Amino acid sequence: MSHTNQQKFDRFLKQSDLDPGLFKERNLPVFEDASDLVIADVAQSGREHLLIPQAAKAWMRMRNKAFMDGVSLIMVSAFRGFDRQVEIVQHSIAQGQKLEEIFKTSAPPGCSEHHSGRAIDIGTMGCDPLSQEFADTDAFDWLEVNAEKYGFKLSYPPNNPFGFDYEPWHWCFHEQT
């Protein structure tokens with residue numbers, strides 16, 4: 001029998017001895033793992049980044065337009081499933097991080113927009129990936145002006161209602177506007 005990510009999330013909370021209130025007050029949505037995925041980009045390392053078809057098409061159009069405007073957009077991360085999110089959290093725990101700190105920068109398994117196949121982490125040349133300094137780049141400035149034209153929105157601005165730290169690199173495809 002297949003379990004939904006909501007069921008897996010509930011089991012994760014119970015097994016981790018986490019207070020469900022830690023997440024309930026943040027109103028974190030639970031996302032199912034996308035199943036219809038296509039290759040949206042390939043990293044220099046050869047790693048394939050997957051998205052749902054509409055998001056992949058929008059990403060390619062957006063990346064190409066940015067390039068024509070002289071701006072480098074690099075896909076750092078895209079789809080990851082529930083089990084990969086568990087691995088990320090377990091790695092952080094093994095590094096000695098406390099759960100309250102982990103969940104300021106990483107979504108609990110089941111609550112990551114990356115599960116939906118719509119979320120991407122974006123970087124640019126000359127900037128460390130997944131760093132606050134991305135907010136000070138031409139790439140971020142370009143995204144602020146243009147991303148919505150391609151259906152992408154910044155998910156976690158400063159003081160976002162979900163309680164995540166500001167993530168200027170994390171954008172999610174909603175629909176083209």
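Two residues are in contact here when they have heavy atoms within 4.5 Å of each other. Keep that cut-off in mind as we walk through this predicted model, because it decides which residues count as partners below.

Let us start with the overall fold. The chain contains six helices and six strands. Reading from the N terminus, these elements come in the order α-α-β-β-α-β-α-α-β-α-β-β. The radius of gyration is 16 Å, close to the 16 Å given by the globule rule for 177 residues, so the chain is as compact as a globular protein of that length. If you prefer to think in terms of a box, the C-alpha trace spans about 50 × 35 × 35 Å along its principal axes.

How is the chain connected within that box? Take the contacts with a separation of 6 or more: 65% of them are accounted for by residues 24 or more positions apart. As for burial, 45% of the 177 residues count as buried. The surface that the chain exposes comes to about 9700 Å², and carbon and sulfur atoms supply 50% of it. On the charge side, there are 17 positive and 26 negative charges, and their mean positions lie 5 Å apart.

Now let us zoom in on alanine 78. You will find alanine 78 in the loop between β3 (74-77) and α4 (82-94). Is this residue buried or exposed? Alanine 78 has a relative accessible area of 1%, and since buried means under 20%, it counts as buried. Which residues does alanine 78 touch, once its neighbours within four places in sequence are left aside? They are His49, Leu50, Leu51, His114, Ala119 and Ile120. There is also a long-range pairing to look at in your viewer: histidine 170 is 92 residues away from alanine 78 along the chain, while their C-alpha atoms are separated by 9.7 Å.

A second loop residue, threonine 137, is worth a visit too. Threonine 137 sits in the loop between β4 (119-123) and α6 (138-146). With a relative accessibility of 12%, threonine 137 also falls under the 20% limit and therefore counts as buried. What does its side chain reach? The side chain of threonine 137 comes to 2.7 Å from the backbone oxygen of phenylalanine 134. Beyond its neighbours within four places in sequence, threonine 137 is in contact with Thr124 and Cys127.

Terms used
Residues are numbered from 1 along each chain as its sequence is written. This is a predicted model: local features need pLDDT of at least 70, side-chain atom pairs count only at pLDDT 80 or more; totals for chains, interfaces and linings use all residues. Side-chain values use heavy atoms; hydrogens and water are left out. Helices (H or I, at least four residues) and strands (E, at least two) are DSSP runs, numbered from the N terminus. The radius of gyration is taken over C-alpha atoms; the globule rule is 2.2 Å times the number of residues to the power 0.38. Buried means under 20% relative accessible area, exposed over 50%, partly exposed in between (1.4 Å probe, protein chains only). Accessible areas come from the Shrake-Rupley method with a 1.4 Å probe; for residues, only the protein chains shown count as cover. Lys and Arg count as positive and Asp and Glu as negative; His and the chain ends are not counted. The place of a charge is taken as NZ of Lys, CZ of Arg, CG of Asp or CD of Glu. A polar contact is a pair of N or O atoms within 3.5 Å; within protein, one must be able to donate a hydrogen and the other to accept it, and residues adjacent in sequence count only if both atoms are side-chain atoms.
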